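Dear colleague,

I am handing over the structure below for your consideration. My notes on what was found in it follow directly after.

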Amino acid sequence: MALLPILEFPDPKLRTKATPVTEVNERIRQQAKDMLETMYHAQGIGLAGTQVDFHQRMLVMDVSEEQDQPMVLINPEYVPTGEKIMWQEGCLSVPTFYEEVERFASIQVTALNEQGERIEFEAKDLAAICIQHEIDHLDGKLFVDYISNLKRNRIRQKLEKLHKLQGKA
Ligand code: ZN
């Protein structure tokens, strides 16, 4: 197990479009374990491969109260099944900022699990929002892309300043 460094906005690597996982093997399962450990450590509810500089289509999540229901979704896809709602989101790659984003309240999800088996289920509310947010990451998209340029630039400037202080940039 290992904690992975999380890329932060505006790192251009977060704009990478991830490619499909071609084989669910031991290496992928290890990556999923490391991502889950990283996500729990950072107190997040979801983490996409893109955020840890791993550009294959995989995400991990846990939206349970007790944080004891880890989920791994490989090559995930969804179709909307509910109406659009506004939801306040945050992101481990955009730390300390929260903004309202329009998402579908429910979606039908298909993916492979960490055994390489095809799974299909309906996700609602927080789980649905989380999956849409993480799949966006796999497409190189961030929740700040949905807000105004003014707000996004303000967030970028604040994080750039912080990264300089931390010696990251
Ligand atoms: Zn995120």
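**Nonpolar core**

The largest nonpolar core is made up of 16 residues, and those with the most contacts inside it are Met61, Leu73, Val109, Ala123 and Ile131. At least two residues of this core come from each of strand 2, strand 6 (106–112), strand 7 (118–124) and helix 2. Helix 2 provides the largest share of this core, with six residues. Please bear in mind throughout that this is a predicted model.

**Zinc site**

Which protein atoms serve as donors of the zinc ion? They are SG of Cys91, NE2 of His133 and NE2 of His137, and they lie 2.0 to 2.3 Å from the ion. Along the sequence, the spacing of these donor residues is C-x41-H-x3-H. Cysteine 91 belongs to the loop between strand 4 (84–89) and strand 5 (99–104), while histidine 137 belongs to helix 2 (residues 125–138), so the pair ties together parts that are 46 residues apart in sequence. Both cysteine 91 and histidine 137 are buried.

**Cysteines**

How many disulfides are there in the model? The count comes to zero, where a disulfide would require a pair of cysteine sulfur atoms within 2.5 Å. For cysteine 130, the nearest cysteine sulfur is that of cysteine 91, at 10 Å, and cysteine 130 is in no disulfide. As to accessibility, cysteine 91 has a relative accessible area of 11% and is therefore buried, the limit being under 20%. Cysteine 130 is likewise buried, with a relative accessible area of 5%.

**Largest pocket**

The volume of the largest pocket is about 430 Å³. It is lined by 24 residues, of which Ile45, Gly90, Cys91, Leu92 and Tyr98 are the closest to its centre. Cys91 is thus named both here and among the donors of the zinc ion.

Which element gives the largest share of the lining of this pocket? Helix 2 does, with five residues. Strand 4 and helix 2 each contribute at least two residues to the lining. Sorted by class, the lining of the largest pocket consists of 13 nonpolar, eight polar and three charged residues.

**Backbone features**

Three points of the backbone deserve a separate mention.

- Phenylalanine 9 and proline 10 are joined by a cis peptide bond, with omega at about 5 degrees. Proline 10 is located in the segment before helix 1 (26–41).
- Glutamine 67, a residue other than glycine, has a positive phi, near 55 degrees. Its place is the loop between strand 2 (58–61) and strand 3 (71–80). With a relative accessible area of 29%, glutamine 67 is partly exposed.
- Threonine 96 is not a glycine either, yet its phi is positive, at about 75 degrees. Is threonine 96 buried or exposed? Its relative accessibility is 64%, so threonine 96 counts as exposed, the threshold being over 50%. Threonine 96 lies in the loop between strand 4 and strand 5, which is also the loop that holds cysteine 91.

**In brief**

Helix 2 recurs in these findings: it supplies the largest share of the nonpolar core, the largest share of the lining of the largest pocket, and histidine 137 as a donor of the zinc ion.

With kind regards

Definitions and conventions. Residues are numbered from 1 along each chain as its sequence is written. This is a predicted model: local features need pLDDT of at least 70, side-chain atom pairs count only at pLDDT 80 or more; totals for chains, interfaces and linings use all residues. Side-chain values use heavy atoms; hydrogens and water are left out. Donors are N, O and S atoms within 2.8 Å of the metal (3.2 Å for Na, K and Ca); water is not among the atoms, so sites may look incomplete. Helices (H or I, at least four residues) and strands (E, at least two) are DSSP runs, numbered from the N terminus. Buried means under 20% relative accessible area, exposed over 50%, partly exposed in between (1.4 Å probe, protein chains only). On a 1 Å grid over the protein atoms alone, a cavity is a set of points where a 1.4 Å probe fits but cannot get out, and a pocket is an open set with protein on both sides within 12 Å along at least five of seven lines; lining residues have an atom within 4 Å of a point. Grid points are joined across faces, edges and corners, and a volume is the space filled by probe spheres set on the points. Ala, Val, Leu, Ile, Met, Phe, Trp, Tyr, Cys and Pro count as nonpolar, Asp, Glu, Lys and Arg as charged, and the others, Gly among them, as polar. A nonpolar core is a set of buried Ala, Val, Leu, Ile, Met, Phe, Trp, Tyr and Cys residues joined through side-chain atoms within 4.5 Å.
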